[in-house]
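I opened this model to look up how its helices pack, how its sheets are ordered and what lies around the ligand. My entries follow in the sequence in which I took them.

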Amino acid sequence: MAGTFEHEATSVLKSNGKVFDLAAVAKEPVPPVVASDGSIVENEREIVLGRNVHTTCLSITEPEVDDESTGDKEAFMAGVLARYRKTLIERTKHHLGYPYNLDFDYGALAQLQHFSINNLGDPFIESNYGVHSRQFEVGVLDWLACLWEIEKDEYWGYITNCGTEGNLHGILVGREVFPDGILYASQESHYSVFKAARMYRMECVKIRTLVTGEIDCADFKAKLLPNKDKPAIINVNMGTTVKGAVDDLDLVIQTLEECGFSHDRFYIHCDGALFGLMMPFVKCAPKVSFKKPIGSVSVSGHKFVGCPMPCGVQLTRIKHINALSKNVEYLASRDATIMGSRNGHAPIFLWYTLNRKGYKGFQKEVQKCLRNAHYLKDRFREEGISAMLNELSSTVVFERPLDEEFVRRWQLACERNMAHVIVMPNVTI
Ligand SMILES: Cc1ncc(COP(=O)(O)O)c(C=O)c1O
């Protein structure tokens, strides 16, 4: 989607004691590193890593013989857990950098924590393990199928462990449909897309991005034309990780068509991990719909929706999944997922939220996030801090704070000279 960065004079500032040009930083392509054999390898920028957890880890202590009678061990563990709970409360209050909605109340589901709920196998075919939640899972999938405009008997999908698993699955389906296909992805795509290419040993072509972070279709065209003999598998971003940019799906399709790719020569996976469940509720946002020639869509469930454990959803066309799946006698179900055992609690949390909030509830929350993101961008600028915000996005990009302690306190995600705040429903003014 053609987003606009609001590059006003304020995007070049003297702050933090230095001249900082956020627009220029955002525009800078990540410089490629050329290996001795001439191939392009990942850039080895110096990256600030977090603290080593070994210095603070909680070691396992073997029980003493009389622990059960004295209750010492129980008391020790209760103390550890109480302190940990306090940390969680404090860390939850000071979180701005990752797209997790931390505002939820799932008290009604506490009664289910005593069960080992596992949806191993295909969501649509029961396995012999009876402690499952497929009835909730398929309910959630049907709701999303309706949102993304595909008939119940034409889709297949499942609740994944996270957005990454959705990407791994979507790209795998693409590769199964086109075993000799080339994977195209913008250079600002999430690292899981490039991980998929490495895992599946696929040829992968990186496409440049515009200053907004969205895929540059002129470069896409230039890279498609010399490869017209091979099918194309394309990752389209519904919200990039750092800038929240939305790729223009219609322009991607148009570019493919202009380069001579008929609909049976390409497969599009839409990575909606970040913004896929916000876009349908944004007025004027481009539509992700299976009425368009796309192959799959994936989203994360712990982001905007606010599931308290990592999860996601992957949906594809049923016609694609048959080649990928196998009946497994041991399960009495079908194996078409990336993982074996699958979290059976996550579908219930998603089902609960979708029931409580519904379309209207999500729409209200999205509007609040976008309003607050604009407010934050304006406040940054008023304070002389360069900031930018993509149209349709709640990711406010600003200059990376020099104080690493500040970055840690607010749990900011940083890349090069940029940091961002992702305004989720729990981020208030
Ligand atoms: C665009 C995009 N795709 C995929 C992912 C991976 O999602 P997850 O963290 O749920 O694995 C992210 C995570 O932030 C993302 O921003």
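**Entry 1: α4 and α10**

I began with α4 and α10, whose axes come within 8 Å and cross at roughly 50°. Axes here are lines fitted to C-alpha atoms, for helices over the stretch in contact, and angles run from 0 to 180 degrees between N-to-C directions. That crossing angle makes α4 oblique to α10. On the scale used, angles under 35 degrees are roughly parallel, over 145 roughly antiparallel, 65 to 115 roughly perpendicular, and the rest oblique. I noted the hand too: α4 passes α10 in a left-handed crossing. A crossing is left-handed if the near helix is turned anticlockwise from the far one by less than a right angle, and right-handed if clockwise.

I then listed the contact. α4 brings Phe 136, Glu 137, Gly 139, Val 140 and Trp 143, and α10 brings Pro 347, Ile 348, Leu 350, Trp 351 and Leu 354. Residues are in contact if their C-beta atoms, placed from the backbone, lie within 7 Å. The residues divide into eight nonpolar, one polar and one charged. In this scheme Ala, Val, Leu, Ile, Met, Phe, Trp, Tyr, Cys and Pro are nonpolar, Asp, Glu, Lys and Arg are charged, and the others, Gly among them, are polar.

**Entry 2: ground rules**

I wrote down that this is a predicted model, in which local features need pLDDT of at least 70, side-chain atom pairs count only at pLDDT 80 or more, and totals for chains, interfaces and linings use all residues. Residues are numbered from 1 along each chain as its sequence is written. Helices (H or I, at least four residues) and strands (E, at least two) are DSSP runs, numbered from the N terminus.

**Entry 3: the seven-stranded sheet**

I traced an open sheet of seven strands with mixed pairing, in the order β5-β11-β10-β9-β8-β6-β7. Two strands pair if DSSP finds at least two bridges between them. At the edges are β5 (155-160) and β7 (204-207), each pairing on one side only. The twist averages 15° from one strand to the next. I checked β6 (residues 182-186) against β7: they pair in the parallel sense over four bridges. Leu 183 stands opposite Cys 204 in β7. Helix α4 (residues 134-147) packs on this sheet, where it touches β5 and β11 (312-317), and its direction makes about 65° with that of β11.

**Entry 4: the four-stranded sheet**

I found an open sheet of four strands, ordered β14-β15-β17-β16, with antiparallel pairing. Its edge strands are β14 (387-389) and β16 (413-415), and each pairs on one side only. Neighbouring strands are turned by 25° against each other on average, direction ignored. β16 pairs with β17 (residues 418-422) in the antiparallel sense over three bridges. Glu 415 stands opposite Met 418 in β17. α10 (residues 345-382) lies across β14, β15 (395-399) and β17, running at about 160° to β14.

**Entry 5: the ligand shell**

Which residues are closest to the ligand? I counted 17 around the ligand, the closest being Cys 162, Gly 163, Thr 164, His 190 and Ala 273. A residue is near if its C-beta atom, placed from the backbone, lies within 6 Å of the molecule. By class the shell has five nonpolar, 11 polar and one charged residues. α5 gives the most to the shell, with three residues.

**Entry 6: α5 and α6**

I followed α5 (residues 163-177) to α6 (residues 191-199): their axes come within 9 Å and cross at roughly 40°. That makes α5 oblique to α6. The crossing is right-handed. Thr 164, Asn 167, Leu 168 and Ile 171 of α5 meet Ser 192, Val 193 and Ala 196 of α6. This contact has four nonpolar, three polar and no charged residues.

**Entry 7: α7 and α8**

Last, I looked at α7 (residues 217-224) and α8 (residues 249-258), which pack at about 30° with axes 10 Å apart. They are therefore roughly parallel to each other. Their crossing is right-handed.

Technical notes: Two residues are in contact if their C-beta atoms, placed from the backbone, lie within 7 Å.
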